[in-house]
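Thank you all for making time today. I would like to walk you through one protein structure, slowly, and I will begin with a single side chain before widening the view.

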Amino acid sequence: MENWETELEQGGNPGEPRPGQDAPEEEQSGAKLRREASDGRDLYLNMRVLVTMMAAFVLLFTFVARIIVVSGPSMENTLWGGDLILVWSLGYEPRQGDVVVLTQESYQEDSIVKRVIATQGQRVDIDYGDGSVRVDGVLLEEDYIRERMLLPGFGEGLNHVTVPEGCIFVMGDNRNQSADSRWPAIGIVDNRCVIGRGLAVLFPFHHWKGL
């Protein structure tokens, strides 16, 4: 009787553990399971968010835009080796004058950066005598080229050509150090080989500019 009254005075109920006493084993087990379930759910949610973000980045940099590192001197002084450029791919159709990134496995596996000189149906005429390029008989005003174009070591190459349907003719801005559509190993480029258009130089910061 005395023990019963003492428990009531302390605000407890018969059978409940007193402060400082361990909870029954069943309650401890249940609490542990609930904690483990909560931790497992948090881990699952975090992993799902991480996987979703990774998938979004992969899709973004595969089908929408990507960052390409320029290699070699063929686009100087517009672009320099080591420049990081932002390239837009989604829905892009090559246009004359654009700086594009493309692949041409007949030349190399790595992507290359060139300028679109002509698109399908246009006629390209290159004259090494005066260093000029004409498209459909119109002389191109090329303030972007590094220096006057000279006859390359491989000869005249493809210098008088009408661009087939679904293709482009490309050249580097540094004409005297550029392997491009004039060289048979590259030649006319199928539009399906074009990764996208260069939008801007992102790095190094002192080279930052739109293209």
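Let us start at Asp98, which counts as buried, since its relative accessibility is 7% and the cut-off for buried is under 20%. Please keep in mind throughout that what you see is a predicted model. The side chain of Asp98 meets that of Arg95 in a salt bridge, with 3.7 Å from N to O, and Arg95, at 49% relative accessibility, counts as partly exposed. One partner of this salt bridge is therefore buried, while the other is partly exposed.

Now to the overall picture. The protein has two helices and 12 strands, and if you read along the sequence, the two helices come before the strands. Of its 211 residues, 32% are buried. The accessible surface comes to about 13200 Å², and 55% of that belongs to carbon and sulfur atoms. If we take the contacts with a separation of 6 or more, 59% of them are between residues 24 or more positions apart.

Back to the charged side chains, then. How many salt bridges does a search of the whole structure find? There are eight of them, and I will pick out two more besides the one we began with. In one of them the side chains of Asp173 and Arg115 meet, at 2.8 Å from N to O. Asp173 sits in the loop between β9 and β10, whereas Arg115 belongs to strand β4, so this salt bridge ties together parts of the protein that are 58 residues apart in sequence. Both ends are buried, Asp173 with a relative accessible area of 0% and Arg115 at 9% relative accessibility. In the other salt bridge, Asp180 is paired with Arg182, and their closest N and O atoms are 2.8 Å apart. Here too the two residues are buried, for Asp180 has a relative accessible area of 0%, and Arg182 is likewise at 0% relative accessibility. There is also a network made of salt bridges that share partners, and it joins Arg95 and Asp98, where we started, with Arg197.

Let me turn from side chains to strands, and to β2 in particular, which covers residues 84–88. It pairs with strand β1 (residues 65–69) in the antiparallel sense, through five bridges, and in that pairing Arg66 stands opposite Val87. Strand β2 also runs antiparallel to strand β11 (residues 194–203), again joined by five bridges, and there Leu84 stands opposite Phe203. In a regular strand the side chains alternate between the two faces of the sheet. In β2, Ile85 and Val87 make up the covered face, while Leu84, Leu86 and Trp88 make up the uncovered one. Trp88 also takes part in a nonpolar patch on the surface, together with Leu90 and Leu199, and the accessible area of the three is about 260 Å². Leu90 is in the loop between β2 and β3, and at 48% relative accessibility it counts as partly exposed.

There is another sheet to point out, an open one, in which four strands are arranged in the order β7-β6-β5-β8 with antiparallel pairing. The edges are taken by β7 (138–139) and β8 (160–162), and each has a single partner strand, so one side of each is left without a neighbour in the sheet. Strand β5, residues 123–127, is antiparallel to β8 over three bridges, and Arg123 stands opposite Thr162 of β8.

Finally, a few details of the backbone. Most residues other than glycine have a negative phi, and most peptide bonds are trans. Asp136, however, is not a glycine and yet has a positive phi of about 55°. You will find Asp136 in the loop between β6 and β7, where it counts as partly exposed at 46% relative accessibility. As for peptide bonds, Glu76 and Asn77 are joined by a cis one, with omega about 5°, and Asn77 lies in the loop between β1 and β2. Phe203, which we met opposite Leu84, is joined to Pro204 by a cis peptide bond with omega about 0°, and Pro204 has its place in the loop between β11 and β12.

Note on methods. Residues numbered from 1 in each chain as written. Predicted model: local features only at pLDDT ≥ 70, side-chain atom pairs only at ≥ 80, totals over all residues. Heavy atoms only, no water. Pairing = 2+ DSSP bridges. Buried < 20%, exposed > 50% of the residue type's maximum accessible area, 1.4 Å probe, protein only. Contact = heavy atoms within 4.5 Å. Areas by Shrake-Rupley, 256 points an atom, 1.4 Å probe, with all protein chains shown as cover. Salt bridge = Lys/Arg side-chain N within 4 Å of Asp/Glu carboxyl O. Patch = residues over 30% accessible without salt bridge, like charges linked within 9 Å, V, L, I, M, F, W, Y side chains within 5 Å.
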